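Here are my notes on the structure you sent, set out as numbered points. They follow the model chain by chain and end with the ligand.

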Amino acid sequence: MTLLYDDSFDGFLTAVFEAFRLHLPVSRIVSESRYEVSLFDEEPHRIVTDSSSASRVWTGIVQRLDNDRVAMLYGSFLSELTGIEDHLWKYLVRLFREGGAFAANPLAPEVLPLLKAAEAVKREQHRFLGFVRFQKTEEGLLFAEIEPQYDVLLILVGHFRRRYPQKRWAIFDSKRGKGVLCENGEVCEIQIPDFHKGYQGDDFCDLWKQYYNSVTIAERKNLRLMCRELPRKYWAHLPERAERCPVRCPK
Amino acid sequence: MQKTIAEKLTILSAAAKYDVSCSSSGSRRATPQGGMGNGASMGICHSFTEDGRCISLLKILFSNACRYDCAYCVNRRSNDVPRATFEVDEVVELTLGFYERNYIEGLFLSSGVIRDPDSTMELLVRVAWKLRHVHRFGGYIHLKAIPGASPEWLQRAGEVADRLSVNIEVPSETSLKLLAPDKNYASVYTPMNYIAERKLEYGAGKPSRYTPKFVPAGQTTQMIVGASGESDLQILRLASGFYSGQHLKRVYYSGYIPVNEDKRLPVVTTKPPLLREHRLYQADWLMRFYEFRYDEIVDESSPHLDERFDPKLGWALRHPEFFPVDLNTADYSLILRIPGIGVRSARLIVSGRRFSRVGLDELKKMGVALKRAKYFIYHRELPIGLRTLYPEMLTMRLLAETKTPLQQLSLFDTNLERPAVPALS
Ligand code: SF4
């Protein structure tokens, strides 16, 4: 049986909850936006997200795993990789059946795929701590637009909240159409970025571009290395590279 | 005529770019009450230049109007280059403006010697002091300790900075005397030792949140490679001494780029020794994270790193008696020495083998590149004939497989101070 949920983590946990409650013979759990109808599939079963069911599953997970592993589970979910829910499902089945001891084996078939997905997400999260670029609007709002490969927005918030406790700032993921706004340390989600006008830049932005150009050492030019560390997919929202988009990365 | 801040920024950032350190790691400073900025102990890269180096800090000189005349330096007195000097407030403003837009982790401020070491050091400290105490700035601050600066100013610098560095630049005293007539080893070692001792004193006792900090991210130095005739052995011995003696957090190696016509130096058309520099970074990495001693990597009989291989592979080829290694029984430290296996994989192997045998399949699933490693690992499928390692055979084979890695120099000035390692028990 295929279970569909509404893309949210709570939705996924609700699906897990229902599957356990009703002893469903789960063959797949898929988010609605990634579900592709195929001729041979049976009719999928739509799950209605219910936060209390979700939190019961969550509590069950947290009781059985330490923080690092809980973070790994959540991180792997954010990867949005095809089939990641099925790996999560297998992991959770084993977790609720026999407890968390197996989770210590990174090479277990339930663990390794999640571990790798979570590592990739963590790597991108770490990159975005550096690659988020705020522009300052006239009202003093710091505004950044990002298009990360994985859904890292929510795991970036804590860092910037600690860093800029006095500022008003917003980060908008234009690929997924959602954002966060932080004011006086309070975070809320925003859907429509009415202040979004693309990168206009200010004086500091010009100084920054100038700085970027003048610190390059021409004798050491190495575009391949640059492209590996700063992949092209991120350039559009980096003022220092946005105008160079025609540059090709060497293979 | 007074220069604009933009003109100064161009001159004084270009003048600072040959200092390769740009790391922002090692500080856990919390955001000050009512202020902005904190330390991210793993370090964060905000951008990468077209030469592939990480930009983490606003790296500038306060002034390039230097009184000294070091042969290898663009800013030396005898060069005819545009000169500029910042005002304290200009540097403060640039740092804060860049920081709140998330362009940088903080400031790396160095300077040419303006009048004398102490008055120069004082200017650097004033910038940092103003950032910390007037603007309540908690971001990363790396100050250069000017060679010859007095303990009083080093002390003040250490109280406001996250990291200090004194660059030794030339890896032997004789060469230093020849190339930098205004400096000597004492002007480098004295501040370095002073900082190391003070840091130990501050760290003694029970440090609490309220203990004042003194260079929490430690100190670093830089050596220029290829400007004078020192061997890799001399360089690595020196580096190893800095790590154990002065507790340096990092030693940077900077392949000499000929900027000056000078008969004491390689001619201006010389290509920077990038491959050699890369091998030195690899060797350094082995000393810091792979439990290698410098004299296992190079010795009197072969004082230079083999440019054809990375030093870890080189060691393995010189020591066939340790291989092949059985992953299921060997010590962690020996697994770490297998070419192609990094800290991440070694940890995965050691935690995984408690549950089940680790063979080639498991390695593949973990994402270990077997190209190298397969020759050094004992596994059941290994034909009897290969159970002893014949370095001569292997060298030929590996040479045929290896491309010159110049295009992928990867350890060069990465922001990392330690390898990324998965959280495992
Ligand atoms: S002291 Fe020497 S190395 Fe430093 S800026 Fe002056 S000339 Fe250059």
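1. Two strands are taken as paired if DSSP finds at least two bridges between them. On that footing, strand β4 (residues 106-110) of chain B pairs with β5(B) in the parallel sense, over four bridges. Within this pair, Phe108(B) stands opposite His142(B) of β5(B). Please keep in mind throughout that this is a predicted model.

2. Is strand β5 (residues 140-144) of chain B mostly covered or mostly open? β5(B) is mostly covered, as five of its five residues are buried. In a regular strand the side chains alternate between the two faces of the sheet. In β5(B), Tyr140(B), His142(B) and Lys144(B) point one way, while Ile141(B) and Leu143(B) point the other way. Both sets are buried, Lys144(B) and His142(B) included. His142(B), the residue opposite Phe108(B), thus belongs to the set that also holds Tyr140(B) and Lys144(B).

3. For chain B as a whole, the secondary structure comes to 15 helices and ten strands. Of its 425 residues, 60% are buried. Among contacts in chain B with a separation of 6 or more, 70% are between residues 24 or more positions apart.

4. One helix residue of chain B can be looked at singly. Val343(B) lies in helix α12, which covers residues 343-352 of chain B. Is Val343(B) buried or exposed? Buried means under 20% relative accessible area; Val343(B) has 7%, so Val343(B) counts as buried. Val343(B) and Ser21(B) are 322 residues apart along the chain, and their C-alpha atoms are separated by 23 Å.

5. Chain A has nine helices and eight strands. Its C-alpha atoms fill a box of roughly 60 × 40 × 40 Å along the principal axes. Buried residues account for 51% of the 251 residues in chain A. Of the contacts in chain A between residues at least 6 apart in sequence, 66% join residues at least 24 apart.

6. In which order do the strands of the open sheet in chain A run? Five strands form this sheet, in the order β4-β5-β6-β7-β8, and the pairing is mixed. At the edges are β4 (135-136) and β8 (186-190) of chain A, each of which pairs on one side only. Strands of a sheet pair through backbone hydrogen bonds, either parallel or antiparallel.

7. The pairings can be followed across the sheet. Strand β5 (residues 142-146) of chain A pairs with strand β6 (residues 169-173) of chain A in the parallel sense, over five bridges. There, Leu142(A) stands opposite Trp169(A) of β6(A). β6(A) and β7(A) run antiparallel and are joined by five bridges; Phe172(A) has Gly179(A) of β7(A) as its bridge partner. The hairpin of β6(A) and β7(A) has four residues between the strands, and Gly177(A) takes a positive phi near 65 degrees.

8. Strand β7 (residues 178-183) of chain A also pairs with β8(A), in the antiparallel sense and over five bridges. Gly179(A), already named as the partner of Phe172(A), stands opposite Ile190(A) of β8(A). Val180(A) has Glu189(A) of β8(A) as its bridge partner. In the hairpin of β7(A) and β8(A), two residues lie between the strands, and Asn184(A) in the turn has a positive phi of about 50 degrees.

9. Outside that sheet, Glu32(A) lies in the loop between β2 (28-31) and β3 (45-46) of chain A. Why is Glu32(A) classed as partly exposed? The class runs between 20% and 50% relative accessible area, and Glu32(A) is placed there because its value is 36%. Not counting residues up to four places away in sequence, Glu32(A) touches Leu4(A), Tyr5(A), Asp6(A), Asp7(A) and Arg46(A). One of these, Asp7(A), is 25 residues from Glu32(A) along the chain, with 6.4 Å between the C-alpha atoms.

10. Where does the ligand sit? The ligand is in the largest cavity. Around the ligand are Cys66(B), Tyr68(B), Cys70(B), Cys73(B), Arg76(B), Gly112(B) and Lys183(B). By class, this shell comprises four nonpolar residues, one polar residue and two charged residues.

Notes. Residues numbered from 1 in each chain as written. Chains lettered and ligands numbered in written order. Predicted model: local features only at pLDDT ≥ 70, side-chain atom pairs only at ≥ 80, totals over all residues. Heavy atoms only, no water. Near = heavy atom within 4 Å. 1 Å grid on protein atoms, 1.4 Å probe; cavity = no way out; pocket = protein on both sides within 12 Å on 5 of 7 lines; lining within 4 Å. Sits in = over half its atoms within 2 Å of the grid points. Nonpolar A, V, L, I, M, F, W, Y, C, P; charged D, E, K, R; others polar. Buried < 20%, exposed > 50% of the residue type's maximum accessible area, 1.4 Å probe, protein only. Contact = heavy atoms within 4.5 Å.
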